[in-house]
Amino acid sequence: MGLILERPARAPGPAVSRPSSGSGRGSRARWVWSWAYSGILSVLLTLAVLLGYLVTGIASGTVDWTALLTSSTWSPGNLAFGGLAMIYGSAVVCVLALALAVPVGWAAAVALSEYLPPRLAKPLRLSIELLAAVPSIVYGLIGIMVIRPFVADLGDVPGGDSLLAAGIVLAVMITPTIVAVSVDALASVPGRYREAAYSLGLTRREVIRSAVLPQARPGMRAGVLLGLARALGEAIAVFMVIGRADGRLPESAGDVFSSLVRPGQTLTTKLAGPEPMLAGTSGPYFAALCGLGIILLVLVAVATVWGTRGSTGRAARAPRARRSSAWLRTPKDRLTTVVRLGALLLPGALLVGMLGILLARGGAALNPVFWFSASEGASGGGIRDQILGTLLLLATAALIALPLGYGAGIVIGTRASARTARVLETLTVAVGGTPTILLGLAGYVLFCTTMGWGRSWLAGAVVLVPVVVPVVALTTAGRIRSMPGEITEAALALGLTSSQYVRSVVIPYTWPATLTGLLLGLARAAGETAPLIFTATVFFGAPALPTGIVNAPVQALPTHIFTLSQDSGAPEAIAQAWGSALVLVLITAGLLSLAVLLRNRFEGARRWTT
Amino acid sequence: MDDVTTGVTTLDDTIDTVDSVDTVDSVDSVDSVDKTVIAVRDLQILSGTKRLVGPVTFELSAGSTTGLCGPSGAGKSTVLRALVDLLPHGLRRQGEVEVLGRPVRYGKGDSGLRSTVVLVPQTPVVFGGSILDNALFGLRHLVRASRTEMHDRVEQALREAGLWSEVSHRLDTPAQTLSNGQRQRLCLARALALEPAALLLDEPTSALDERSRDTVEESVAALRGNRTVLLVSHDPAQVERLCDRTIRVDLPTATEPSLAAV
């Protein structure tokens, strides 16, 4: 309440003073709402552009959908476009990733939330959230350096490029996401449910199974689906370890397992390869690629939207009535405790291993010269220009995304009816879950080709905006929804118009959450590689800071690492790549720590308002 | 009656609580009125070195209804939680507790204790699932019995809690459809189904409106003489109506912070 009272000057009750003329007030109201609605518009526009790009692409040449879905022959020279092998590859790596990540992730989440004392759980939860934000390019690098050799030893695979390696990389990548979302779901189960179950004499295992998990299950399932969406849409990390071999399908059912240790291709790696550049912007080749894009988009959208629906699904299912569990209760309880705490070791090891490997291999980054000197070819110098380029892209994206995301969040949180809000929220989530490789390709066609910008830093920044906007919008909307009803009531009871209400109540109340969302979104955008390869970056030869818009590329950290890691034979290049990875992780971690600081600050504010 | 669980028997060497025979005995043989079910000596609850509650000393004899009252913030509910080893993080207990003549050793992850002395929390908690699922909630894990036996026990418990006539025709409907007062009686039935040696009721009516309060009070009154009950209430009139005798818990001395300040 103090929040409103502190700012009476900016929220004059109309009955007391109406200094400005009616028209002035009206124009200001129009200004607020046109800003807010342009945010929503930007979300819709992103979807429209994306779909427009894919649909016009498909329309520019005939797509043989039957072949695309059932044939495995991909041969542009013969105009044979069969996508089955890629769909199979995508499915296999995702199934592998889920099979490895879900049991570990869920068990670790339960251990974190139900077994560890808060003093231990809180920092661990924070570090897992950090892990979930590590750029995928870094996971790809780890895939090349650690997982590929491991698979090569395991299955006699030359080089180790295989579906299995890709599956493991994705599993490592999505485990933190699954843990983080599941812990949130478990933490939101009120303590009284646990108490009620404990007070009936149940063991911890029984309490968790009968009282906690039925409540948390929708949220935990949502975590898996979000992880799946991330795995499906991930291009770069998979690209680096899968070998990108076309047309590989197992010949028989028995061949499925041995095909795991052979190279393959997924939908995203096909789109991230050189082919979109070779295919031009019309014709059957381009149309077939757009068809692949549509398939990918549909798959990811289904997973994302399903995932978010699960998290809001309210009716908890009845715990299955199971008798006869009376036997061996205590040993079972102890065993589950050991297993769950054991599962926590894996994310813990991942954390320690990640830090260790980055510090051990990325030693170059510990030298300040590395930060402040320009690079010399692939193997020497520092990465000053790459850091500057990344910061330029992020700053520009932030400038564009902050007002748009804030506006969209305000509309979703205050303006829309419950039903519209749900639709808008789902669309926003869908934009946030869009495979970034598709954003990159659409941006490439729209800005670099159609508008004639060539490679341009501005195109790259604009392509990053849809990565940031949904995070800003959803955190803002969530914060608005958590506003105590009395605040709104008190403000409207004073006669504030809706735009005055937004300016004097909503914005002062939500800005810390919005900034947190912005920082989280930027942390994600900082590691994005796929949208930048085609649109904004070159490996070298660009000035530190661009001077125009047309044909003004920059160098950026993620694409730098990507290019260097392709050259995995040269040890100097690899050292450079690890150094850059450490710098990138530090930038991401910096953004996240700022976000956490802000979050703590507004959690303090929450205590104070209620 | 089935023995409670093998879990309890395996726990016997580590935790001296009760075995199932005692549990059943204490319930069936109401005539042994002078038998002590719970004995508490010098129970104190501490946060760090600060004393929040106590020391309190009391005994509950079988079949009696005892009121535990005192001003809010005095730690009445905390005493109940201390008895069943559900103290919130950071609080610890001192003193001795005996259940059915055996000292309780806390902090060993014991579940035999909590199915012998059952706490019914203040706000009624209804889990997902049907009314029957909820009534079976603890029983299902603790007792090995045939389906009909389980249903008999549940029916018995629902009758004792005064809920049977209202729900007998719709045991399969979601428990979320019950009113608040019915929910509280369902929680009571859920506890009674375990045939506990003692029931700890934590302000069972404070979250309810007047009418539901009366129905819950009726149910609690009906337990008098049959069950050993420790009832926490801030309402002296309620304690007067329902209890055989009263224990008072007072705020700690002024120099020490009370629970409310924590």
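## A walk through chains A and B

Buried residues make up 56% of the 610 residues of chain A, in a model that is predicted. The secondary structure of this chain comprises 25 helices and 4 strands. Among the contacts in chain A with a separation of 6 or more, 80% are between residues 24 or more positions apart.

A single residue can serve to illustrate such contacts in chain A. Ser565(A) belongs to helix H24, which covers residues 557–566 of chain A, and because its relative accessible area is 2%, below the 20% cut-off, Ser565(A) is buried. When neighbours within four places in sequence are left aside, the contacts of Ser565(A) are with Leu141(A), Ile144(A) and Met240(A).

From here the empty space in the structure can be considered. Rolling a probe the size of a water molecule over the atoms shows where empty space is left. A search of the whole structure gives 9 cavities of 30 Å³ or more, and the second largest cavity holds about 70 Å³ of space. Its lining includes Ala85(A), Tyr88(A) and Gly89(A), together with Leu163(A), the run Arg248(A), Leu249(A) and Pro250(A), and, further along chain A, Ser259(A), Arg262(A), Pro263(A), Gly264(A) and Gln265(A). Helix H4 of chain A, residues 84–115, contributes 3 residues, which is the largest share of this lining. Sorted by class, the lining of the second largest cavity has 6 nonpolar, 4 polar and 2 charged residues.

The second largest pocket, with about 410 Å³ of space, has a lining of 20 residues, and those nearest the centre of the pocket are Leu45(A), Thr46(A), Phe447(A), Val462(A) and Pro466(A). Four helices of chain A, namely H2 (22–59), H17 (384–415), H19 (436–450) and H20 (457–481), each supply at least two residues of the lining of this pocket. By class, the lining of the second largest pocket divides into 17 nonpolar and 3 polar residues, with no charged residue.

In chain B, helix H7 repays a closer look. This helix runs over residues 147–160, and because a rise of 1.5 Å a residue predicts a span of 20 Å for its 14 residues, the 20 Å between its end C-alpha atoms agrees with expectation. The buried residues of H7(B) are Met150(B), Arg153(B), Val154(B), Ala157(B), Leu158(B) and Glu160(B). Seen down the axis of H7(B), these buried residues fall within an arc of 160°, and they therefore line one face of the helix. On the face turned away from the buried side, H7(B) carries the exposed residues Thr148(B) and Asp152(B).

What do the buried residues of H7(B) pack against? Their partners are other helices of chain B: H5 (131–135), H6 (139–142), H8 (164–167), H9 (180–192) and H10 (210–223). Just after H7(B), Gly162(B) takes a positive phi of about 75°.

One of the partners of H7(B), helix H10 of chain B, is also the place of Ser212(B). The relative accessibility of Ser212(B) is 11%, and because buried means under 20%, Ser212(B) counts as buried. Measuring from C-alpha to C-alpha, Ser212(B) lies 9.6 Å from Arg185(B) in space, while the two residues are 27 residues apart in sequence.

Notes:
Residues numbered from 1 in each chain as written. Chains lettered and ligands numbered in written order. Predicted model: local features only at pLDDT ≥ 70, side-chain atom pairs only at ≥ 80, totals over all residues. Heavy atoms only, no water. Expected span 1.5 Å × (residues − 1). Buried < 20%, exposed > 50% of the residue type's maximum accessible area, 1.4 Å probe, protein only. Arc of directions from axis to C-beta. Contact = heavy atoms within 4.5 Å. 1 Å grid on protein atoms, 1.4 Å probe; cavity = no way out; pocket = protein on both sides within 12 Å on 5 of 7 lines; lining within 4 Å. Points joined across faces, edges and corners; volume = space filled by probe spheres on them. Nonpolar A, V, L, I, M, F, W, Y, C, P; charged D, E, K, R; others polar.
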